[in-house]
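Morning, everyone. I'll take a few minutes to walk you through a structure, so grab your coffee and have a look at the screen.

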Amino acid sequence: MMFDEIDENKYFYLLLLIPLLVLLFLYNLYWQRKKQREFGDIELVRRLAPERSVFKSALKFGVLLLAIAALSVGLANPKTGTKMETVKREGIDIVFAIDVSKSMLSEDVAPSRLEKTKQVVSQLINQFAGDRIGIVAYAGSAFPVLPITTDYSVAKMFLQGINTNMVSSQGTSLEEAISLSTTYFQEDQQANKLIILISDGEDHTEGASDAAAAAKKAGIKIITIGIGTAKGGPIPLKINGRVQSFQRDQNDEVVISKLNRESLMTIAKNTNGGYVSGNNTKEVVDYVKNALDNIEKTEFETQQFTDYNSQFQWFIGFALLLLVIDTFLLERKTAWVRKLNLFNEKES
């Protein structure tokens with residue numbers, strides 16, 4: 001049995017009421033006994049109230065505690081796995097290569113090049129149905145973020161965690177990005193392969209053309225998405241979300257980062273792919289969707305997953321039943337309990 005999200009598990013704190021209520025109940029019994037002694041002889045007091053039962057009071061209280069426990073578990077929404085299903089998917093393998101160099105902090109595209117990239121990729125993921133996706137981040141070197149998967153919700157979670165501090169080696173190496181993305185694809189898989197490379201196109205290394213040629217030889221197409229403007233913009237340096245200064249070069253001049261669409265177009269052309277400007281999200285989505293429609297889908301290997309069913313209704317129902325029972329329970333003695341004399345209540 002498993003339980004729902006962390007937000008639901010907070011209802012387990014209701015269980016803390018149980019020891020608190022037990023202490024209050026015991027204190028109440030102590031207080032009542034003390035007052036009885038102050039009133040007079042305890043045995044005489046019992047004879048004045050012969051129908052009062054400590055056992056029935058404890059039973060009624062115990063039912064209430066069980067109701068609270070069942071309610072707490074029910075609100076946490078426990079789940080059980082019921083079956084395994086075999087699912088066949090058709091699609092292609094796609095790897096997103098995302099530029100996380102400092103130049104992606106430039107705000108010539110609102111809110112910034114990197115945030116715009118996340119918006120674009122998130123919208124593209126929304127369009128996928130059976131495709132498998134992976135994510136690579138790169139700057140001066142490349143870094144694997146998410147292996148090939150069909151879990152789009154996990155992909156979006158990893159996507160939002162991408163930032164410019166992920167890769168210690170700064171600069172931009174399109175060669176590293178393409179080379180690592182190429183290794184994501186399994187050689188024994190017959191699925192069509194696509195790399196969607198997103199960058200401002202500034203490349204501080206050589207070898208991107210060779211990497212693209214190797215990708216083409218492996219049957220991989222590359223779609224490049226340019227983020228930024230030809231005019232460019234400075235690279236802000238922020239502390240606690242506020243701009244403190246701008247990136248400067250060795251001559252202490254403010255660095256202006258500009259979109260280099262030519263390098264991105266060359267990479268795409270060398271792999272029979274395509275280039276599109278990423279400044280307009282809708283245009284990117286339409287372009288990529290059209291490109292995917294023209295790529296033959298391949299059936300993936302069988303995927304298995306567990307289907308979980310919520311079981312909260314049983315616990316909530318049990319809690320309500322206990323509350324109803326508690327309502328009808330009286331604190332008076334019953335004949336069979338009096339014969340048992342569990343609490344030494346036998347009359348003299």
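I'll go from the overall picture to the strands, then the charged pairs, the rings and a few backbone oddities.

One thing up front: this is a predicted model. The protein has 12 helices and 15 strands. Of its 348 residues, 38% count as buried. If you take contacts with a separation of 6 or more, 81% of them come from residues 24 or more positions apart. The accessible surface is about 20000 Å², and 55% of that belongs to carbon and sulfur atoms.

Okay, strands. Let's start with β8, residues 220-226. How many of its seven residues are buried? Six of them, so this strand is mostly covered. Who are its partners? On one hand there's β7, residues 193-199, which runs parallel to β8 and is joined to it by seven bridges. If you want a spot to click on, L194 has K221 in β8 as its bridge partner. On the other hand there's β13, also paired with β8 in the parallel sense, over four bridges. There you can look for I223, which stands opposite G274 in β13.

For an antiparallel pair, go to β10, residues 236-239, which is joined to β11 by four bridges. I239 stands opposite R242 in β11. These two strands form a hairpin with two residues between them, and N240 in that turn has a positive phi of about 55°.

Now the charged residues. The structure holds eight salt bridges, and I've picked three to show you. My favourite is R113 with D200, where the side chains meet at 3.0 Å, N to O. R113 sits in helix α5 while D200 is in the loop between β7 and α8, so this pair ties together parts that are 87 residues apart in sequence. Buried or exposed, would you say, for R113? Buried: its relative accessibility is 0%. D200 is buried as well, again at 0%. And the pair has company, since D108, R113 and D200 are linked in a network of salt bridges.

Compare that with D286 and K282, whose closest N and O atoms are 2.9 Å apart. These two are four residues apart in helix α10, so about one helical turn separates them. K282 is exposed at 58% relative accessible area, and D286 is partly exposed at 39%.

The third one is R248 with D252, at 4.0 Å, N to O. R248 is partly exposed, with 44% relative accessibility. D252 is exposed, at 53%. Keep D252 in mind, we'll come back to it.

While we're on charged side chains, have a look at K118, in helix α5. This lysine is buried, with a relative accessible area of just 7%. Leaving aside neighbours within four places in sequence, K118 is in contact with L159, Q160 and I162.

On to the rings. There are four aromatic pairs. One of them is Y27 with Y30, a tilted pair, 6.5 Å centre to centre with 40° between the planes. They're three residues apart in helix α2, so again about one helical turn separates them. Y27 and Y30 are both exposed. Elsewhere, ring pairs link F96, F128 and Y152 into a cluster.

There's also a nonpolar patch on the surface, about 300 Å², made by V243, F246, V254 and I256. I256 lies in strand β12 and is partly exposed, at 43% relative accessibility.

Last stop, the backbone. As a reminder, most residues other than glycine have a negative phi, and most peptide bonds are trans. So where are the exceptions here? The peptide bond from A110 to P111 is cis, with omega near -5°. P111 is in the loop between β4 and α5. Then D252, as promised: its phi is positive, about 65°, although it isn't a glycine. D252 is in the loop between β11 and β12. N272 also has a positive phi, near 60°, and you'll find it in the loop between α9 and β13.

That's my tour. Happy to take questions.

Terms used
Residues are numbered from 1 along each chain as its sequence is written. This is a predicted model: local features need pLDDT of at least 70, side-chain atom pairs count only at pLDDT 80 or more; totals for chains, interfaces and linings use all residues. Side-chain values use heavy atoms; hydrogens and water are left out. Buried means under 20% relative accessible area, exposed over 50%, partly exposed in between (1.4 Å probe, protein chains only). Two strands pair if DSSP finds at least two bridges between them. Contact means heavy atoms within 4.5 Å. Accessible areas come from the Shrake-Rupley method with a 1.4 Å probe; for residues, only the protein chains shown count as cover. Rings of Phe, Tyr and Trp (its six-membered ring) pair if their centres lie within 6.5 Å; planes under 30 degrees apart count as stacked, over 60 as edge-to-face and the rest as tilted. Patches are made of residues with over 30% relative accessible area and no salt bridge: like charges are joined within 9 Å, nonpolar side chains (Val, Leu, Ile, Met, Phe, Trp, Tyr) within 5 Å.
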